[in-house]
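Subject: Structure for you to look at

Hello,

Here is the structure I promised to pass on. Please open it first, then read my notes below.

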Amino acid sequence: MKFTLSWLKEFVDFVGAPEELARLLTMAGLEVESVTPLSGSASGADQIFEIGVTPNRGDCLGIAGIAREVAALSGSGLKKLPTSPAKKGAAIGKRIS
């Protein structure tokens, strides 16, 4: 799975260096295969992480799961993302019989 550090920071308040994040994830059983600078980012500050997710870590197959793992490992807080309620639709009685 690939993700950028900036994308991860949209979900968790991690302030450490990319190398520290790679070490934390590796120690948690998520093999960090590579960390490469993102070309075109401001001063090369963003990094692309590629991790190998083992079959027993299905909770880490998405960015939200990785963010939860990073929050647990580093003591960082998870961010609450704004959500919007679904638009009003037909009444429930009309949607089901």
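**After helix α3**

G75 comes right after α3, and its phi is positive, near 80°. Keep in mind that this is a predicted model.

**Helix α3 itself**

α3 covers residues 63-74, which makes 12 residues. From first C-alpha to last, the helix reaches 16 Å, close to the 16 Å expected at 1.5 Å a residue.

Which residues of α3 are buried? They are I63, G65, I66, A67, E69, V70 and A71. Note that E69 is among them. And what do the buried residues of α3 pack against? Two helices and two strands: α1 (5-8) and α2 (18-27), plus β1 (2-4) and β3 (47-52).

**The loops on either side**

Two loop residues are worth a look.

N56 sits between β3 and α3, in the loop. Is N56 buried or exposed? N56 counts as exposed because its relative accessibility is 63%, and the cut-off for exposed is over 50%. V32 is 24 residues away from N56 along the chain, and their C-alpha atoms are 16 Å apart.

K79 lies in the loop that runs between α3 and α4 (92-95). Its relative accessible area is 38%, so K79 is partly exposed. What does K79 contact, leaving aside neighbours within four places in sequence? The list is K9, E10, F11, V12 and D13. Take V12: K79 and V12 are 67 residues apart along the chain, yet their C-alpha atoms are separated by 5.4 Å.

**The whole protein**

The protein has four helices and three strands. Starting at the N terminus, the order of elements is β-α-α-β-β-α-α.

Now the overall dimensions. The radius of gyration is 18 Å, whereas a compact globule of 97 residues would have one near 13 Å. Along the principal axes, the C-alpha atoms fill a box of roughly 55 × 35 × 25 Å.

Of the 97 residues, 30% count as buried. Consider the contacts with a separation of 6 or more: 59% of them are between residues 24 or more positions apart.

On the surface, the protein exposes about 6400 Å². Carbon and sulfur atoms supply 57% of that area.

Last, the charges. There are 11 positive and 10 negative ones, and their mean positions are 18 Å apart.

Best wishes

How values were computed
Residues numbered from 1 in each chain as written. Predicted model: local features only at pLDDT ≥ 70, side-chain atom pairs only at ≥ 80, totals over all residues. Heavy atoms only, no water. Expected span 1.5 Å × (residues − 1). Buried < 20%, exposed > 50% of the residue type's maximum accessible area, 1.4 Å probe, protein only. Contact = heavy atoms within 4.5 Å. Rg over C-alpha atoms; globule rule 2.2 N^0.38 Å. Areas by Shrake-Rupley, 256 points an atom, 1.4 Å probe, with all protein chains shown as cover. Lys, Arg positive; Asp, Glu negative; His and termini not counted. Charge placed at Lys NZ, Arg CZ, Asp CG, Glu CD.
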